[in-house]
Amino acid sequence: MNKILSFAIPCYNSAEYMDKCISSILEGANYAEDIEIIIVNDGSTKDNTKEKADAWAAQYPNLIRAHHQENGGHGTGVMAGIRLGQGMYYKVVDSDDWVDGPSVQKLLEFLRSQAELENPVDLVITNYVYEHVEDDEQMQMKYTNALPVEQITDWDHISGFRINETLLMHALCYRMEVLRESKLSLPKHTFYVDNIFAYVPLPYVKSLYYINTDLYRYFIGREDQSVNEKVMIGRIDQQLRVTRIMTEAYHIYDDIDSKYLVKYMENYLSLMYAISSIFSKMSEDPDADNNLEILWKFLKNFDKKMYNKMKHSLVGFGTNLPGPLGTKMSLGFYRIAQKIFKFN
């Protein structure tokens, strides 16, 4: 049977929690034959991730495939799913996260309706929920302000996205051919590449559809998690690398036709530069400030118009106040935003 949706689960030493992720997809899809799960074992060495992946594939050979590769990082797991996937659409689920069953059914119902169309929708968006383990609280991220619900639309017929409405990987289900056409490439051994995944293919997306359902459950709060603040500060070099790759992807004012998509991509980049600036200020790396300055100089040389927009935007200005006092104020603004939007 043709596959309507490929789920990719990049796994690295994930034996402790990968079963919950896989089970949630299978049960949510009601073991439907038109989905597939690609478990990508990214060179796990510390546990039995490889054996678990093989056991799942043996138990459900029509639904699950296990792919083993040398360790290359999260991005290589995502790219392996794109390369191997047989589905018309593609969804990434991290191995420590899970999905909501009724929401999976809603997503599949819509995707199946697109299967025979001449021009199927390029991108389907759903909500995700932060599952905070520290305080046992949840925070729903939805897009009802920016997108019409259950209507096919395009970039020129949407409202503006607020700062907390950025389309992260957890919300996205791309048509597979869009990803392949975009020539998406994610670097090896680099965290935070999900931002590239959520940014680079967007100009190839001509149609969007939003389902207001809480499909993705995003586990957050583990001390060793890549989005833990201390971990992110320690990996500021990788944050800077991802930000530069996103910047180099387009001269957005020349390459992108839709002014609404230009605005969205501009805001996304602005957030990336703000994160880079804040964590550079928080880093104990003696080269952090210099590396940040190099990034800003690169932007100025690459696209001066974008540089001016970033520097003079509210977010850009607030996270780059000069001098020791300015640094304290920038960090203060960050802490306030952290409490309001409850990011990790």
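How many nonpolar, polar and charged residues are in the lining of the second largest pocket? The lining has four nonpolar, three polar and five charged residues. This count comes from a predicted model.

**The pocket**

The second largest pocket has a volume of about 250 Å³. It is lined by 12 residues. Lys281, Asp289, Leu292, Glu293 and Asn320 are the closest to its centre. Two helices, helix 11 (288–302) and helix 14 (323–341), each supply at least two lining residues. Helix 11 gives the largest share, with five residues.

**Two packed helices**

Two packed helices are described by the angle between their axes and the distance between the axes. Helix 10 (residues 259–282) packs against helix 12 (residues 304–312) at an angle of about 65°. Their axes are 10 Å apart. The crossing of helix 10 with helix 12 is right-handed. On the helix 10 side, Glu266, Leu269 and Ser270 make the contact. Helix 12 brings Met306, Lys309 and Met310. By class, the residues of this contact are three nonpolar, one polar and two charged.

**Helix 1 and its partners**

Helix 1 covers residues 18–28. Its buried residues are Met18, Cys21, Ile22, Ser24, Ile25, Leu26 and Gly28. They pack against strand 1 (3–11), strand 2 (35–42), strand 3 (64–69) and strand 5 (98–99). Helix 2 (49–59) and helix 4 are also among the partners of these buried residues. An α-helix has 3.6 residues a turn, so residues three or four places apart point the same way.

**Three loop residues**

Asn30 comes just after helix 1, in the loop between helix 1 and strand 2. Its phi is positive although Asn30 is not a glycine. His189 also has a positive phi, again in a residue other than glycine. Asp122 is the third loop residue described here.

| Residue | Loop | Phi | Relative accessible area |
|---|---|---|---|
| Asn30 | helix 1 to strand 2 | about 55° | 59%, exposed |
| His189 | helix 5 (176–181) to helix 6 (194–197) | near 50° | 48%, partly exposed |
| Asp122 | helix 4 (101–114) to strand 6 (123–132) | not listed | 5%, buried |

Why does Asp122 count as buried? Its relative accessible area is 5%, and buried means under 20%, so Asp122 falls in that class. What does Asp122 touch, leaving aside its neighbours within four places in sequence? Asp122 is in contact with Cys173, Tyr174, Arg175 and Val178, and also with Tyr204, Val205, Lys206 and Ser207.

Notes. Residues are numbered from 1 along each chain as its sequence is written. This is a predicted model: local features need pLDDT of at least 70, side-chain atom pairs count only at pLDDT 80 or more; totals for chains, interfaces and linings use all residues. Side-chain values use heavy atoms; hydrogens and water are left out. Axes are lines fitted to C-alpha atoms, for helices over the stretch in contact, and angles run from 0 to 180 degrees between N-to-C directions. Helices (H or I, at least four residues) and strands (E, at least two) are DSSP runs, numbered from the N terminus. A crossing is left-handed if the near helix is turned anticlockwise from the far one by less than a right angle, and right-handed if clockwise. Contact means heavy atoms within 4.5 Å. Ala, Val, Leu, Ile, Met, Phe, Trp, Tyr, Cys and Pro count as nonpolar, Asp, Glu, Lys and Arg as charged, and the others, Gly among them, as polar. On a 1 Å grid over the protein atoms alone, a cavity is a set of points where a 1.4 Å probe fits but cannot get out, and a pocket is an open set with protein on both sides within 12 Å along at least five of seven lines; lining residues have an atom within 4 Å of a point. Grid points are joined across faces, edges and corners, and a volume is the space filled by probe spheres set on the points. Buried means under 20% relative accessible area, exposed over 50%, partly exposed in between (1.4 Å probe, protein chains only).
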